[in-house]
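Trainee: I've got a structure open on my screen and I'd like to learn how to read it. Can we go through it feature by feature?

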Amino acid sequence: LKSDSAILHYKLGTTLKALGRLEEACEAYVCAVNLNPGFSNAFVNLGQALRNVRFYGANRSLYPALSDLLTARSFVRPKNIAKAVISLLKHDPVMMDLLARSEPSVVDIEGVITAIAALHQLPLLHDLMRICPLPDLKLEGLFESIRRLLILSLKEIQESPELTNFLSTLSLQCFVNEYVYFETEDEYALVGDLETEIAECVAQGVQPTFIGVLCFAAYRPLHQYAWSEALQVLDQLPEIRRRLIGEPLAERVLAQQIPVLADVKDEVSRKVKDQYEENPYPRWVNLGIPVKPKSLARICTEAELELGSEDIKNVSNPSILIAGCGTGQHSIGSACRYSDCKVTAVDLSLTSLAYAQRKTTEHDVSNIEYLQADILQLGKLDRTFDIIESTGVLHHMEDPMAGWRILTGLLNVGGLMKIGLYSDLARQHIVAIREEIAMLGIKTSAADMRGFRKSLAESHDEHKQRLVTSNDFFSLSTVRDLIFHVQEHRFTLPQIQACLNELGLRFCGFEKAYVAKFREFHGKQSNVYDLMLWHELEKSQPRTFASMYQFWCQKL
């Protein structure tokens, strides 16, 4: 009976989602998973519905299912639903009380302890903070205040289960956002003193205080210190020890085992490599991957691609190249999306590749081969592929066409390529901010980026406020990638059409998420495979491709 009822709620949720009644759809899916906690499709659809939901009232009955969704390993990317979850939490009476107080939300250590006790009532918030940067400036301000007052009053604090739980959560939040929170000069000095104190304790064979270590971990990555493995005081918190020390140290070993195609010789490629060695992009914990893989034919059909040749649909064991796989989200997603596929994933950064390899093993994915390589040297692979995917990579090369030309040479005739490129029209606010960074001479140290980011958050300029609402504003590697990148090109759709013509590639279609807007603008009968019609839309609505153009093309 429970199973039948779960299916009914699932079908109701699917109907409501199709009607655009997303909050009601979420409630139906939550009922389904409450009745059947193993209902994978209900969790997946709940995650999809939450991407575009904002809640306008409190509803604690949703919390357990949302926690299960967040902490499950592969139903959803937590960052995709973080704003929805935060919108729900901000209507909780506990959070409303904390955020309604004066700025900053807590002004003394007594207020901190009271706030921590209150936050202990919100395990959903803790679950989100432990795996995903919080994309909300009010919450960021609250936790910056608490962190600052904790380190200022460290000698006065008494240990408690609530404080331990909160500091564990805060240290993991700061680790996943890569210590993007601003710190004052007083904090910087106290962190330095605390580092010296911990190091001296370990050197003398004495364990530092439990609270002191957790407080330090909210400011600095523990794994970078030689004494981190000697912190026996963390044995009682295995998740903290594993994620803040064990996993990063394991990645150092993995980095030495990644095969290298050839030395990176291109000057711009070396600079890009150095950036991602310092800030591997992005740091992530859980990942939404398909419940079941699909055939290449079905993927082409569902994506509504206009193919010049249908032969690609007959490929049953596709060979796939991910050119610029970063920390593994793209490669793992593709390896799980296509049935019976074999994936070769390359990147410039060994640090990123080691992260990707660790997460690939963690997700029990066995059909990916990782390789350090510059796209410019991929001709040395001496093989070709049925599918090549390269999103957000070519526009960071000195000559994007040189890289695109090499990828085209690696693609089988009739093969498909998925490309992601920055839109010039959509990124004019980014251009203005990059020009300001250059004019001010701001460097890419963590302190410099944190300081400039704070000035952006406090600005009332419209183009800066557009940046502040982006998920990419809330971790250090994504901020660096967004506005401090060493190399950036931008394109218009006429330029992309010219590139496709030069390379002998046929435009097959954009990601389906954009098509509804196109048909609303041009009419249902208009040709969605005409890039010049898309250009008319984008000129009218420049933010259409705010992230980037993502499209499919086929080698003729």
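Mentor: Sure. Keep in mind that this is a predicted model. Let's begin with an open space: helix 11 (185–203), helix 13 (238–255), helix 14 (267–278), helix 17 (350–362) and helix 20 (446–458) each give at least two residues to the lining of the second largest pocket.

Trainee: Which helix supplies the largest share of that lining?

Mentor: Helix 20 does, with 5 residues. The second largest pocket holds about 820 Å³ of space, and 34 residues line it. To find its centre on your screen, look for Y179, P221, Q224, E278 and N279, which lie nearest to it.

Trainee: How many of the lining residues of the second largest pocket are nonpolar, polar and charged?

Mentor: The lining has 16 nonpolar, 8 polar and 10 charged residues.

Trainee: Okay, on to the sheet. How do I read one?

Mentor: The general idea is that strands of a sheet pair through backbone hydrogen bonds, either parallel or antiparallel. Here you have an open sheet of 7 strands with mixed pairing, in the order 3-2-1-4-5-7-6.

Trainee: Why is one side of strand 3 and of strand 6 left without a neighbour in the sheet?

Mentor: Strand 3 (368–372) and strand 6 (505–510) stand at the edges and each has a single partner strand, so one side of each has no neighbour in the sheet. From one strand to the next, the twist averages 20°.

Trainee: What does one pair of strands look like up close?

Mentor: Take strand 1 (residues 319–323) and strand 2 (residues 342–347): they run parallel and are joined by 5 bridges. Within that pair, I322 stands opposite A345 of strand 2. Helix 18 (residues 400–410) packs on the sheet, and strand 5 (411–421) is one of the strands it touches. The direction of helix 18 makes about 145° with that of strand 5.

Trainee: And how do I read two helices against each other?

Mentor: Check how their axes cross, then see who touches whom. The axes of helix 9 (residues 137–152) and helix 10 (residues 161–176) come within 12 Å and cross at roughly 115°, and the crossing is left-handed. Helix 9 brings F143, I146, R147 and L150 to the contact, while helix 10 brings L163, F166, L167, L170 and C174. By class, that contact has 8 nonpolar, no polar and 1 charged residues.

Trainee: How many cavities of 30 Å³ or more does a search of the whole structure find?

Mentor: It finds 2. The largest cavity has a volume of about 230 Å³, and among its 19 lining residues K79, C132, P133, P282 and R283 are the closest to the centre. Helix 5 (residues 78–89) gives the largest share of that lining, 3 residues. The second largest cavity has about 60 Å³, with A303, E304, G509, F510, K512, V515, V528 and Y529 as its lining.

Trainee: Last one: what should I look for in the backbone?

Mentor: Look for exceptions. Most residues other than glycine have a negative phi, and most peptide bonds are trans.

Trainee: Is the peptide bond from Y281 to P282 cis or trans?

Mentor: That bond is cis, with omega near -15°. P282 sits in the loop between helix 14 and helix 15 (296–302), and you've met P282 already, close to the centre of the largest cavity. Then there's E178, in the loop between helix 10 and helix 11: E178 is not a glycine, yet its phi is positive, about 60°.

How values were computed:
Residues numbered from 1 in each chain as written. Predicted model: local features only at pLDDT ≥ 70, side-chain atom pairs only at ≥ 80, totals over all residues. Heavy atoms only, no water. 1 Å grid on protein atoms, 1.4 Å probe; cavity = no way out; pocket = protein on both sides within 12 Å on 5 of 7 lines; lining within 4 Å. Points joined across faces, edges and corners; volume = space filled by probe spheres on them. Helix = DSSP H or I, 4+ residues; strand = E, 2+ residues; numbered from the N terminus. Nonpolar A, V, L, I, M, F, W, Y, C, P; charged D, E, K, R; others polar. Axes fitted to C-alpha atoms, helices over the stretch in contact; angles between N-to-C directions. Left-handed = near helix turned anticlockwise from the far one by under 90°. Contact = heavy atoms within 4.5 Å. Pairing = 2+ DSSP bridges.
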